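Trainee: I am new to this structure, and I would like a close look at a single part of it. Please choose a sheet, go through it carefully, and explain each term when it comes up.

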There are 4 protein chains.
Amino acid sequence: MIDKKLEELLKQSVTKTLQEKNVLNKYTQVKENKQVIKEAYVAQPTKFDLRTELLSEKTKTSHQELFEGYIKELNETSAQLDTADRENVNPNHSTFRSLKMDETHNHNAAFLHGLYFQNISDLNSEISADSLSFMRLERDFGSFDLWQEDFIACCLAARNGWAMTVYSMTLKRYINTVVDLHDEHVLISAYPVIVMDCWEHSYYKDYLKNRKAYVYGMMKELNWDVIEERFKVADKIGALIK
Amino acid sequence: MIDKKLEELLKQSVTKTLQEKNVLNKYTQVKENKQVIKEAYVAQPTKFDLRTELLSEKTKTSHQELFEGYIKELNETSAQLDTADRENVNPNHSTFRSLKMDETHNHNAAFLHGLYFQNISDLNSEISADSLSFMRLERDFGSFDLWQEDFIACCLAARNGWAMTVYSMTLKRYINTVVDLHDEHVLISAYPVIVMDCWEHSYYKDYLKNRKAYVYGMMKELNWDVIEERFKVADKIGALIK
Amino acid sequence: MIDKKLEELLKQSVTKTLQEKNVLNKYTQVKENKQVIKEAYVAQPTKFDLRTELLSEKTKTSHQELFEGYIKELNETSAQLDTADRENVNPNHSTFRSLKMDETHNHNAAFLHGLYFQNISDLNSEISADSLSFMRLERDFGSFDLWQEDFIACCLAARNGWAMTVYSMTLKRYINTVVDLHDEHVLISAYPVIVMDCWEHSYYKDYLKNRKAYVYGMMKELNWDVIEERFKVADKIGALIK
Amino acid sequence: MIDKKLEELLKQSVTKTLQEKNVLNKYTQVKENKQVIKEAYVAQPTKFDLRTELLSEKTKTSHQELFEGYIKELNETSAQLDTADRENVNPNHSTFRSLKMDETHNHNAAFLHGLYFQNISDLNSEISADSLSFMRLERDFGSFDLWQEDFIACCLAARNGWAMTVYSMTLKRYINTVVDLHDEHVLISAYPVIVMDCWEHSYYKDYLKNRKAYVYGMMKELNWDVIEERFKVADKIGALIK
């Protein structure tokens, strides 16, 4: 397809530009038969102990197992990427592409679940009017009530996915978003502060198709202490960017 | 479908829990016939003046127009969301859902293009071995050369999409990612530092299907000064999170 | 964006080419204020009475309601499409596009559910070695057992989606496919003969995350009489195409 | 995760049910170290010779090469699927799943391109008012002109994808559909009769972002003789189904 000689020349040219600056020779690792991109990481699943009575024990146990499965697959994908062929990659069929797709899928699944478990199931859920969370939601949505209305709408709009309140580093404000599955329609440059799982596995055992009942229930047990810490980080990120 | 009375009760209960804390009454806006979520923002397109000779003037002009189109649609979507019905939302067919989908699509398209135009077309492209960019890529990919190899592989793997180096706030390291279109397979909690457009509109006029030639060319003109500023922000974000 | 005069000229030219053949004048409907594309159709949900004991009554009822919901949304989408603006359409944000997306989503959801309900829950499930179904699966998969192995693998591979055996009008053979959600990764030019729902709502109430147990159970109650009729149609379609 | 013993029992039970009917023993292939699903097929690319002057020679050549690339990848995917592990499949990360995804992507890409090349570039394009194509489009869209308006709207709505007129075996009528990329938002049970490529690679070299000019041009050169043959098949399929 592509003229091999042209490609080789172009590649040498990129490398040469950098070599002239005495950069690459010094730093390039000795590679023999295979590449080693130091990518592999080993994520460890937290064991969550959800006290909420709005979800059955079976749902909780099963959800924890799903979470651990995602982490296992993330670690495996990462390990396989470490030595995947990066020379013969194309958008239609290549192992590297498939692995990168699975990496994002499992990465998002694992960390979204972590964020979700952390911010639900607070039996003493309470938001204070002088908390940063409250003030920021009021500032960016008009009122706490309007944020809540918008967030619930996002929960009901997801097609087996997620609703999130995120700090948008591009818009420099908090915004609600809808994600399908784990990685479709994801806003770039965003830091999640409130996360709700809207996959059927979150609620079907206990609420069947009544996602509304599940969501309204969960909203009453949001852990605003955990969320407050996230808003503090998000606000500092906002200050860095301006 | 859902028992209307149950739903009403649940909703009142959420609101009541909050009202008891004297929070909602005070802050809830008077709403009459329609909701006003203060969401609308008005993004303004920058006019980029790309000096690169690796892209034709026609490609540059057309790309600038596409960019401005995305911003126009983002603004329109945002304005429409401001008054969209949030009461009757479902995952299968509702205006709110469609608008949120288009919001993310155009948001990502607009800001990814901005990041891309800013970090290409530097005729004096040079990366210094003592820059933060260089040191972080060496730290997280093993060597600059290995980062480059991985990044180019991502460029070739995207199906009409994007390759990005991002700072991952979950993995606490820099990582390369592949995005299809503008919003599929997007890593959550990520801050982009290097962005390459791999849609066919970026290169087809000038390189036809030879995406490799386009990518190798662009790599030689990355604006490492712009990128360095992003790494500085990313590193500070990293420090906040730990 | 586009040169309006050029566009107008091109459009007139298409119409003119056809008018010269005395075609359009005669047939074009008088349109005044709005377009009327005769698209709207009214699908009617069948009431399925599943006798299987592998699914709880609650799962069955809830599933029937989901099915009826998809049909309702399909009908609504179709009605709205009838008068949707077709003049100002773009790929980034337009009502026509959103409606066409929802049309496909709900169309597939409605008919896939219909096909699924019809071909499961046969308490006297039996496949005869001299049935067309059996012979075709043996021909195209090597053996009935190998088809079954491949089909089950498809059931386990779907990400909240569907597994199907279809007659492929392009490959001129039966093939198994994996669909995510209702409309992603769908093979074109295919006629479904065996359909298995692998969304979490199919099994989570009764099997939690154990999709395998659900799938193995369902396989034992496939309604091979219903499936046989589909193979007969598929085979006739195959004969037409060759 | 899943109770291995339970799984084994369920699996034996499925097999046993079938063995009791003396079916499986007789037909199951001897398998030793690996599975052989007779899936592999070898598609051969046609060499299209497009005479249209609405597309440059460079666009035509490049498009033919893309087409051949899809067929090559389809054949490779199919060959790899033949021996892929079907025992350890999951929805999050497994080779079988990745291969099935790539199979559908390349299958659709290959056959959609074939259908497209066949039905464009007729310098003597002419549709007769007594052709089946014309009568069916009038019947199902109200008029030929309304079909055209709807089809063009679909062409402009696709996000790097396809517009198609298909015979829907579920709705028992012709309908226009919008596909993103090659396999997203694809209507099930559909037989394509008119196909337009709306990826940027179809038009960007010659029309830049002016997709409208490209589409209007292509509409004037549709090969109605080729399309007529497809309508004849579609109509016969319709007769089979009723």
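Mentor: What follows is a walk through the sheet of chain A, with its surroundings and some further places for context.

This is a predicted model, in which local features need pLDDT of at least 70 and side-chain atom pairs count only at pLDDT 80 or more, whereas totals for chains, interfaces and linings use all residues. Residues are numbered from 1 along each chain as its sequence is written, chains are lettered from A and ligands numbered from 1 in the order in which they are written, and side-chain values use heavy atoms, with hydrogens and water left out.

Chain A has nine helices and three strands, where helices (H or I, at least four residues) and strands (E, at least two) are DSSP runs numbered from the N terminus. Along the sequence these elements follow the pattern α-α-α-α-α-α-β-β-β-α-α-α. Of the 242 residues in chain A, 67% are buried, a word that stands for under 20% relative accessible area, with exposed meaning over 50% and partly exposed in between (1.4 Å probe, protein chains only). Contact means heavy atoms within 4.5 Å, and among the contacts in chain A between residues at least 6 apart in sequence, 69% join residues at least 24 apart.

The three strands of chain A form an open, antiparallel sheet in the order S2-S1-S3; two strands pair if DSSP finds at least two bridges between them. S2 and S3 of chain A are the edge strands, each pairing on one side only. From one strand to the next the twist averages 25°, with axes taken as lines fitted to C-alpha atoms, for helices over the stretch in contact, and angles running from 0 to 180 degrees between N-to-C directions.

Seven bridges hold the antiparallel pairing of strand S1 (residues 161-168) of chain A with S3(A). Met164(A) has Val195(A) as its bridge partner in S3(A), while Ser168(A) stands opposite Ala190(A) in S3(A). H4(A) packs on this sheet, where it touches S1 and S3 of chain A and makes an angle of about 70° with the direction of S3(A). Helix H5 (residues 132-141) of chain A lies across S1, S2 and S3 of chain A, running at about 85° to S2(A). As for S3(A), eight of its eight residues are buried.

The loop between strand S2 (173-180) and strand S3 (190-197) of chain A holds His185(A). Most residues other than glycine have a negative phi. His185(A), however, has a positive phi near 70°, and this residue counts as buried because its relative accessibility is 14%.

Chain D also contains a sheet. Its three strands form an open sheet in the order S2-S1-S3, with antiparallel pairing, and strand S2 (173-180) and strand S3 (190-197) of chain D are the edge strands. Neighbouring strands of the sheet in chain D are turned by 25° against each other on average, direction ignored. S1(D) and S2(D) are joined by eight bridges, and Ala163(D) stands opposite Val178(D) in S2(D). Helix H5 (residues 132-141) of chain D packs on that sheet, touching S1, S2 and S3 of chain D at about 85° to S2(D), whereas H6(D) lies across S1, S2 and S3 of chain D at about 15° to S2(D). In the loop between helix H6 (144-157) and strand S1 (161-168) of chain D sits Asn160(D), whose phi is positive at about 55° although it is not a glycine. Asn160(D) counts as buried because its relative accessibility is 1%.
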